[in-house]
Amino acid sequence: MKESATLAVAAKARALKAQGIPVIDLGAGEPDFDTPAFIRDAAAAAIEAGATRYTNTEGILPLREAIAADANRVQVQGVPVTPAEVVVSNGSKQSLYNAVVCCFGPGDDVLIPIPSWTSYFEMVELARANAVPVLGDAANSLKVTADMLEAAATPATKGLMLNSPSNPTGAVYSRDELAAILALASAKGWWVIADEIYMRIAYEERAQSVLEIAPSRDNLIVINGVAKAYAMTGWRIGWSIAPVAVSKAMTNFQGHTTSNAAAVSQHAALAAIAQHERANVEVEAMVAAFRKRRDAVVAALSAFPSVQYVHPAGAFYIYVNVEGFRGAADPGAAFAAAVLEEYQVAIVPGSAFGTPNWIRASYATTESIAVEGLTRIATCLTA
């Protein structure tokens with residue numbers, strides 16, 4: 001197994017800061033905001049009320065009911081999502097892993113559009129299946145199309161991983177793009193594991209959920225959680241929405257690995273989701289701040305017209321092309337080392353996401369730090 005590149009960058013940045021080196025850390029994959037106060041208060045109240053014991057493996061019923069209700073607010077076709085289709089896990093990462101292990105196995109090919117979050121590959125390999133990378137179109141924000149997926153498929157293809165808004169690029173798939181991919185998967189009988197953890201963080205227009213588009217949910221597993229939208233990364237609550245038989249399998253699998261997610265965290269997540277109008281005020285304020293930072297870093301890069309990057313329409317990352325940097329075999333890794341040593345900026349090399357000619361920088365920090373960091377990145381790239 002490979003070390004998580006994103007976690008490794010964060011650890012290295014922390015170590016340098018501990019040595020007194022003023023590093024600008026743009027490797028972070030988490031919001032820099034505090035969890036909203038009403039959510040923290042709900043957690044404290046839950047502790048005092050005795051929510052400190054085991055729960056059902058799949059999560060407390062009120063939380064699963066709230067998740068189903070939230071999904072039904074965006075779903076515009078098909079039968080309503082029910083709590084029986086929901087499994088609550090220790091973060092969306094566990095939900096993804098549960099889905100991969102329960103759907104894929106030895107001899108199965110799983111299509112993974114790249115660049116993609118680094119853990120998708122490791123999860124598929126841990127399930128003893130074959131991860132098949134499908135490189136996105138640089139002219140279309142590094143997104144893949146249904147035709148590209150079909151061309152990469154084999155008789156052994158059993159499913160695909162889908163992520164929008166995207167980590168690491170910030171690209172957002174349109175309704176038409178998602179519809180074409182979902183139609184292909186339905187026709188081929190492939191599983192679609194849709195990672196929608198950044199769904200609420202989109203800038204040009206509302207990001208589309210596959211729940212709104214899919215012709216049916218028979219082959220669909222939707223993953224989400226509270227980490228990004230509600231600034232609750234450390235609470236470790238994610239969930240899956242899947243056909244009942246798959247949800248039962250994932251519950252059984254989780255029952256033999258971790259059992260239930262932390263009871264107190266489940267009650268905090270319940271407050272975030274059930275009190276959706278109150279939460280929306282907090283989420284919209286956070287997204288507005290991210291949008292302002294996004295605009296600021298894009299404006300900063302405009303001073304360097306030769307620097308190419310994917311337009312970040314969602315999430316809180318900007319993906320920069322460093323192809324040819326100093327003639328290195330792995331330009332992204334070489335650039336990450338150089339910009340850290342020479343300009344004290346920590347970023348993640350694109351090889352972690354399957355595209356070594358790129359690097360990922362996060363603007364989940366203050367606007368001034370984000371602008372300074374991206375300016376140093378562009379200066380290093382064009383020096």
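Is Ala-315 buried or exposed? Ala-315 is buried, with a relative accessible area of 0%. The views below start from the whole predicted model and come back to this alanine at the end.

**View 1. The whole protein, with twelve helices and 13 strands.** This is a predicted model, so it helps to begin with its overall dimensions. With 383 residues, a compact globule would have a radius of gyration near 21 Å, and the protein has 20 Å, which agrees. Along the principal axes, the C-alpha atoms fill a box of roughly 55 × 55 × 35 Å. Of the 383 residues, 56% count as buried. Among contacts with a separation of 6 or more, 75% are between residues 24 or more positions apart.

**View 2. The surface and charges of the protein.** The accessible surface comes to about 15600 Å², and carbon and sulfur atoms account for 54% of that area. There are 28 positive and 36 negative charges, and the mean positions of the two sets are 4 Å apart.

**View 3. Helix H4, residues 92-103.** Here is a quick check on helix geometry. At 1.5 Å a residue, the twelve residues of H4 should span 16 Å, and the end C-alpha atoms are 16 Å apart, which agrees. The buried residues of H4 are Ser-92, Gln-94, Ser-95, Leu-96, Asn-98, Ala-99, Val-100 and Cys-103.

**View 4. Val-100 and its surroundings in helix H4.** Zooming in on one residue of that helix, Val-100 counts as buried because its relative accessibility is 0%, and the cut-off for buried is under 20%. Leaving aside neighbours within four places in sequence, Val-100 is in contact with Met-123, Val-124, Ala-127, Met-161 and Ile-193. Ala-129 is 29 residues from Val-100 along the chain, and the C-alpha atoms of the two are separated by 9.1 Å.

**View 5. Ala-151 in helix H6, residues 146-152.** For a contrasting environment, look at this alanine. Ala-151 counts as exposed because its relative accessibility is 68%, and the cut-off for exposed is over 50%. The C-alpha atoms of Ala-151 and Ile-221 are separated by 23 Å, with their positions 70 residues apart along the chain.

**View 6. Cis peptide bonds at Pro-115 and Pro-165.** These are handy places to inspect backbone torsions. The peptide bond from Ile-114 to Pro-115 is cis, with omega near 5°. Pro-115 sits in the loop between strand E3 (109-114) and helix H5 (119-126). Ser-164 and Pro-165 are also joined by a cis peptide bond, where omega is about -10°. The loop that holds Pro-165 runs between strand E5 (157-163) and helix H7 (175-188).

**View 7. Positive phi at Ala-231 and Ala-315.** Although Ala-231 is not a glycine, its phi is positive, at about 55°. Ala-231 belongs to the loop between strand E7 (220-225) and strand E8 (238-241), and is buried with a relative accessible area of 8%. Now back to the residue from the opening question. Ala-315 is not a glycine either, and has a positive phi of about 55°. Ala-315 is found in the loop between strand E9 (309-310) and strand E10 (317-321). With a relative accessible area of 0%, Ala-315 is buried.

Definitions and conventions:
Residues are numbered from 1 along each chain as its sequence is written. This is a predicted model: local features need pLDDT of at least 70, side-chain atom pairs count only at pLDDT 80 or more; totals for chains, interfaces and linings use all residues. Side-chain values use heavy atoms; hydrogens and water are left out. Helices (H or I, at least four residues) and strands (E, at least two) are DSSP runs, numbered from the N terminus. The radius of gyration is taken over C-alpha atoms; the globule rule is 2.2 Å times the number of residues to the power 0.38. Buried means under 20% relative accessible area, exposed over 50%, partly exposed in between (1.4 Å probe, protein chains only). Contact means heavy atoms within 4.5 Å. Accessible areas come from the Shrake-Rupley method with a 1.4 Å probe; for residues, only the protein chains shown count as cover. Lys and Arg count as positive and Asp and Glu as negative; His and the chain ends are not counted. The place of a charge is taken as NZ of Lys, CZ of Arg, CG of Asp or CD of Glu. The expected span of a helix is 1.5 Å times one less than its number of residues.
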